[in-house]
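The following paragraphs lead through one structure, beginning with its sheet and then turning to its helices and its nonpolar cores. Please keep the sequence and the model in view while reading.

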Amino acid sequence: MTVVYHELLPDSYLLILAPSRADEPEAALAHSLHCAQRSGKPAVWVDCGMLHSLSNEAARLLWGAHHQLEEKHSQLVLVHVSERVKKDLLRRELGPAPCMVPTLLDAARQTARPRDGQAV
């Protein structure tokens, strides 16, 4: 898995993933997820739109990030998840699944925090 883009946004941390060679270790994904978790943002958005499948290691890393973020009262949100990627992720089902939404706009809505004096 290659992280082709990462951005620290006001209320989230965005990672955009792309496929890499099947035999490559997922060190870049592990490092990027670790940085995202340490950012202190209430949500980590992972855009999977360029992925055709997930390796077992990538699925394990995403589940691990999901659980670690939940412990910190934060959220992992997967965006643009194809049926194949969803199947690869859920094959390792380790409890309630991370949030999966069709677009980044939906991710923003999912993780929106009410501002002072504003209703949700």
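In this predicted model, 5 strands form an open sheet in the order β1-β2-β3-β4-β5, with mixed pairing; two strands pair if DSSP finds at least two bridges between them, while helices (H or I, at least four residues) and strands (E, at least two) are DSSP runs numbered from the N terminus. The edge strands, each pairing on one side only, are β1 (2-8) and β5 (99-101). On average, neighbouring strands of this sheet are turned by 20° against each other, direction ignored. Residues are numbered from 1 along each chain as its sequence is written, local features need pLDDT of at least 70, and side-chain atom pairs count only at pLDDT 80 or more, whereas totals for chains, interfaces and linings use all residues. Side-chain values use heavy atoms, with hydrogens and water left out.

At one edge of the sheet, strand β4 (residues 75-79) pairs with β5 in the parallel sense over 3 bridges, and Val77 has Cys99 in β5 as its bridge partner. Helix α1 (residues 27-38) packs on the sheet, where α1 touches β1, β2 (13-18) and β3 (43-47); contact means heavy atoms within 4.5 Å. The direction of α1 makes about 170° with that of β2, where axes are lines fitted to C-alpha atoms, for helices over the stretch in contact, and angles run from 0 to 180 degrees between N-to-C directions.

The helices also pack on one another. The axes of α1 and α2 lie 10 Å apart at an angle of about 10°, which makes α1 roughly parallel to α2 (angles under 35 degrees count as roughly parallel, over 145 as roughly antiparallel, 65 to 115 as roughly perpendicular and the rest as oblique). Helix α2 (residues 56-71) and helix α3 (residues 83-90), by contrast, pack at about 75° with their axes 9 Å apart, and these two are therefore roughly perpendicular to each other. In that second pair, Ala59, Leu62 and Trp63 of α2 meet Asp88, Leu89 and Leu90 of α3.

A nonpolar core is a set of buried Ala, Val, Leu, Ile, Met, Phe, Trp, Tyr and Cys residues joined through side-chain atoms within 4.5 Å, buried meaning under 20% relative accessible area, exposed over 50% and partly exposed in between (1.4 Å probe, protein chains only). The largest such core has 24 residues, of which Leu33, Val46 and Leu54 touch the most other members. Helix α2 gives the most to this core, with 7 residues. A second, separate core of 9 residues includes Trp45, Val77, Cys99 and Val101.
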